[in-house]
Every structure is written in structure tokens, then in C-alpha cells.
Amino acid sequence: HHAVYQGVDISDESIQIEQHSLDDVAVTFTNHPSELFGTVYRAGGLGDSAATVAVFPVDPRYWSDFGWAPRRLRTVRTTEAGRFEVLGLPAGKYRIAAYADAAGNEWANLTDMIQGLSRIAETVDVKDGERTSIDLMTTLGAKR
């Protein structure tokens with residue numbers, strides 16, 4: 001979904017309601033959300049069932065102050081076969097990386113994790129209503 005105020009996308013911004021009329025805000029929803037999916041492989045070519053996939057925007061402005069339910073930041077666990085799926089990301093360029101569960105203890109918080117993974121992550125372009133496939137290799141951690 002998108003929220004537009006006076007021609008500007010405010011989906012990821014906050015505005016002071018008391019200073020603005022809501023008559024100028026247009027919210028658009030879609031019944032065709034984006035899908036980002038793939039398989040995480042470990043050494044030896046097997047699907048990694050003990051990994052987490054992190055997806056975050058290329059633009060560092062969205063790496064902090066994202067509130068309780070960030071639209072552009074996601075972490076998902078892999079299935080037993082190493083598959084993953086992320087639904088409903090807003091269109092844009094993202095960085096994506098898979099890390100072994102044991103590596104999750106390396107970071108103090110989400111922002112620290114994003115900064116660490118950004119050095120090794122791949123870039124993917126997510127488009128509204130489209131399915132995008134990407135396969136990843138598990139990293140043992142960002143401090144290698």
C-alpha cells in the first residue's frame with residue numbers, strides 16, 4: 001500500500017495530523033503484493049534449514065527509526081528445505097543476505113545487524129505485484 005500527501009509518498013514518513021487536513025491524503029492498497037522468494041544453500045549445495053534471511057533497503061535512511069512494524073525491513077526463517085518467502089515489500093532496491101542462526105548473537109540490535117550484513121549482502125530490485133526469485137549462500141557471520 002502507499003499513502004500520498006500533496007503528491008509526496010509518506011508511506012515511510014510521519015506527519016503531524018493536527019497541522020494538515022486528511023482530505024489531501026490518498027491511501028492505495030493492492031491485492032497483488034510483491035513476493036521475494038528463493039532457497040538458501042550451505043556449503044555442499046544442500047538447502048540450509050538453520051538460517052535466517054534478512055532483507056533491508058539499500059537506502060540507509062530506512063535503517064533506523066522504523067517504528068514497531070517496519071515496512072521495508074524483514075527477517076524470515078528458512079524451511080526444512082532451505083526455502084524462504086517475503087511477501088508485501090514496497091517496491092524498491094533492497095539488500096538481502098542469509099546468515100546461520102548461530103551468527104545472530106553477533107549483533108547488539110537490528111541496526112547493528114543491518115550494518116554488518118550490508119557488506120556481504122546481494123542487491124535485489126522488488127517491483128509491485130511481481131514475483132522475484134533469488135538464491136543465497138549462508139554466511140557464517142559478518143565478522144569474517
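Of the 144 residues in this protein, 37% count as buried. The model you are looking at is a predicted one, so treat this as a guided walk through a prediction. The accessible surface comes to about 8600 Å², and carbon and sulfur atoms account for 51% of that area.

Let's start with the overall layout. The protein has one helix and 11 strands, and along the sequence they follow the pattern β-β-β-β-β-β-β-β-α-β-β-β. Among the contacts with a separation of 6 or more, 71% are made by residues 24 or more positions apart.

Now turn to the helix, α1, which spans residues 110-117. At its N-terminal end, Asn-109 acts as a cap: a side-chain oxygen of Asn-109 lies 3.2 Å from the backbone nitrogen of Thr-111. Which residues of α1 are buried? They are Met-113, Ile-114, Gly-116 and Leu-117. These residues lie on the same side of α1, because they cover an arc of only 165° around the axis. The background is simple: an α-helix has 3.6 residues a turn, so residues three or four places apart point the same way. The cover over the buried residues of α1 includes strands β5 (51-57), β6 (74-77), β8 (92-100) and β11 (136-139).

From the helix we can move to the nonpolar interior. In soluble globular proteins, nonpolar side chains tend to be buried together. Here the largest nonpolar core has 15 residues, and those with the most contacts inside it are Leu-36, Val-53, Val-55, Phe-84, Ile-96 and Leu-136. The elements giving two or more residues to this core are β4 (35-41), β5, β7, β8 and β9 (122-126). A second, separate core has 12 residues, including Phe-56, Leu-73, Trp-107 and Met-113. That last residue, Met-113, is one of the buried residues of α1.

Val-53 is a good place to zoom in on the largest core. Beyond its neighbours within four places in sequence, Val-53 touches a list of residues including Val-40, Arg-74, Val-76, Phe-84, Ile-96 and Leu-136.

Is Leu-89 buried or exposed? Leu-89 is found in the loop between β7 (83-87) and β8, yet it counts as buried because its relative accessibility is 2%, and the cut-off for buried is under 20%. Leaving aside neighbours within four places in sequence, the residues in contact with Leu-89 are Ser-34, Leu-36, Val-55, Arg-71, Arg-72, Arg-74, Tyr-94 and Val-126. For one of these, Arg-74, the C-alpha atom is 8.6 Å from that of Leu-89, with the two positions 15 residues apart along the chain.

Finally, look at the charged side chains. Side chains of opposite charge can pair when their charged atoms come close. The model has five salt bridges. One of them joins Arg-61 and Asp-59, at 2.6 Å from N to O; Arg-61 is exposed, with a relative accessible area of 59%, while Asp-59 is partly exposed at 25%. Another joins Asp-125 and Lys-93, at 3.7 Å from N to O. Asp-125 lies in strand β9 and Lys-93 in strand β8, so this pair ties together parts that are 32 residues apart in sequence. Asp-125 also forms a salt bridge with Lys-127, where the closest N and O atoms are 2.9 Å apart. Lys-127 is partly exposed at 37% relative accessibility. Through shared partners, Lys-93, Asp-125 and Lys-127 are joined into one network of salt bridges.

How values were computed:
Residues numbered from 1 in each chain as written. Predicted model: local features only at pLDDT ≥ 70, side-chain atom pairs only at ≥ 80, totals over all residues. Heavy atoms only, no water. Buried < 20%, exposed > 50% of the residue type's maximum accessible area, 1.4 Å probe, protein only. Helix = DSSP H or I, 4+ residues; strand = E, 2+ residues; numbered from the N terminus. Arc of directions from axis to C-beta. Contact = heavy atoms within 4.5 Å. Polar contact = N/O pair within 3.5 Å; in protein donor to acceptor, adjacent residues only side chain to side chain. Areas by Shrake-Rupley, 256 points an atom, 1.4 Å probe, with all protein chains shown as cover. Core = buried A, V, L, I, M, F, W, Y, C linked by side-chain atoms within 4.5 Å. Salt bridge = Lys/Arg side-chain N within 4 Å of Asp/Glu carboxyl O.
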